[in-house]
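Here are some worked exercises to try with the model open in your viewer. Have a go at each task before reading its solution.

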Amino acid sequence: MRLRHLATLAITVVGAFTAPALAESPNGQQIFLHGDGAGAMPCAACHGVNAGGNTSIGAPKLAGLPEGVIKSALAHFANGEGGNASMQYIAQALSPAETDAVAGYLSSLK
Ligand code: HEC
């Protein structure tokens, strides 16, 4: 009983923070660092907090890639063309607006 109560409380608290963010236009940095709350895991977990990549798991550097390159890679992954299962799943989970936001954020990094 107590645990269920805590779980409900946690969901309410998380909801209070994510709901307004989702209602506005998506924030690319937020998605990169924390995921989109709808299936897309935080990109930073694999690509590194600065998007510099992680060679040990084969996650390429994303910082500074042109926005169009990022968007077309994600579009291919979402269609099941190339990438790995994680990237395909993530690309499918991102909405078009979230894809634009995260691509814009990454291309702005050095
Ligand atoms: C579970 C680990 C993991 C997570 C989380 C992850 N990625 Fe990836 N990503 C990879 C790996 C591994 C590759 C390389 C896939 C390949 O080339 O086969 C990749 C490739 C990419 C590429 C292609 C880059 C290039 O130069 O070809 C883009 C763009 C990308 N990821 C964006 C993202 C975004 C945006 C997110 C968050 C919404 C994200 N990734 C989350 C592991 C991950």
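**Exercise 1.** Is Ala51 buried or exposed in this predicted model?

*Solution.* Start with a neighbour count: Ala51 has 21 other C-beta atoms within 10 Å. The cut-off for buried is 20 or more, so Ala51 counts as buried. Next, find its place in the chain: Ala51 sits in the loop between helix 3 and helix 4. Finally, check the backbone. Phi of Ala51 is near 60 degrees, a positive value in a residue that isn't glycine.

**Exercise 2.** Stay in that loop and work out which residues Lys61 touches, leaving out those up to four places away in sequence.

*Solution.* Lys61 also belongs to the loop between helix 3 and helix 4. Its contacts are Ala51, Gly52 and Gly53. Now look at a longer step along the chain: Lys61 and His47 are 14 residues apart, yet their C-alpha atoms are separated by 6.5 Å. As for burial, Lys61 has 16 C-beta neighbours inside 10 Å, so Lys61 counts as partly exposed.

**Exercise 3.** Which residues have the most contacts inside the largest nonpolar core, and which helix gives the most to this core?

*Solution.* First, some background: in soluble globular proteins, nonpolar side chains tend to be buried together. Here the largest nonpolar core has 15 residues, and Ile31, Phe32, Leu94, Val102, Tyr105 and Leu106 have the most contacts inside it. Helix 2 (28–34), helix 4 and helix 6 (96–108) each supply at least two of the core residues. Helix 6 gives the most, with five.

Now pick one core residue and follow it outwards. Beyond its neighbours within four places in sequence, Leu106 is in contact with Phe32, Ala51, Leu62, Ala63, Leu65 and Ile70. So our buried loop residue from the opening exercise, Ala51, turns up among the contacts of Leu106.

**Exercise 4.** Check helix 6: what should its 13 residues span, and which of its residues are buried?

*Solution.* Take the length first. At 1.5 Å a residue, counted over one less than the number of residues, helix 6 should span 18 Å, and its end C-alpha atoms are 18 Å apart, so the two agree. Then list the buried positions: Glu98, Thr99, Ala101, Val102, Ala103, Tyr105 and Leu106. When you look at their spacing, keep this in mind: an α-helix has 3.6 residues a turn, so residues three or four places apart point the same way. Last, ask what lies over them. The cover on the buried residues of helix 6 includes helix 2 and helix 4.

Helix 4 passes the length test too: its 12 residues should span 16 Å, and the end C-alpha atoms are 16 Å apart. Just after helix 4, Gly80 takes a positive phi of about 80 degrees.

**Exercise 5.** Where is Pro26, and which residues does Pro26 touch?

*Solution.* Pro26 lies in the loop between helix 1 (2–23) and helix 2. Setting aside residues up to four places away in sequence, Pro26 touches Ile31, Ala97, Glu98 and Ala101. One of these contacts reaches a long way along the chain: Pro26 and Glu98 are 72 residues apart, with 5.6 Å between their C-alpha atoms. Pro26 is buried because 20 other C-beta atoms lie within 10 Å.

**Exercise 6.** Which residues come nearest to the ligand, and how do the residues of the shell around the ligand divide into nonpolar, polar and charged?

*Solution.* There are 22 residues around the ligand, and Met41, Cys43, Cys46, Ala73 and Ser86 come nearest. Helix 3 (44–47), helix 4 (67–78) and helix 5 (85–93) are the elements that give two or more residues to the shell. By type, the shell holds 17 nonpolar residues, five polar and no charged.

Two reference distances tie this region together. Met87, in helix 5, is 44 residues from Cys43 in sequence and 9.5 Å from it, C-alpha to C-alpha. Gly83, in the loop between helix 4 and helix 5, is 10 residues from Ala73, with their C-alpha atoms separated by 8.5 Å.

**Exercise 7.** How many helices and strands does the protein have?

*Solution.* The count comes to six helices and zero strands, which reads along the sequence as α-α-α-α-α-α.

Technical notes:
Residues numbered from 1 in each chain as written. Predicted model: local features only at pLDDT ≥ 70, side-chain atom pairs only at ≥ 80, totals over all residues. Near = placed C-beta within 6 Å. Helix = DSSP H or I, 4+ residues; strand = E, 2+ residues; numbered from the N terminus. Nonpolar A, V, L, I, M, F, W, Y, C, P; charged D, E, K, R; others polar. Buried ≥ 20, exposed ≤ 12 C-beta atoms within 10 Å, placed from the backbone. Core = buried A, V, L, I, M, F, W, Y, C linked by C-beta atoms within 7 Å. Contact = placed C-beta atoms within 7 Å.
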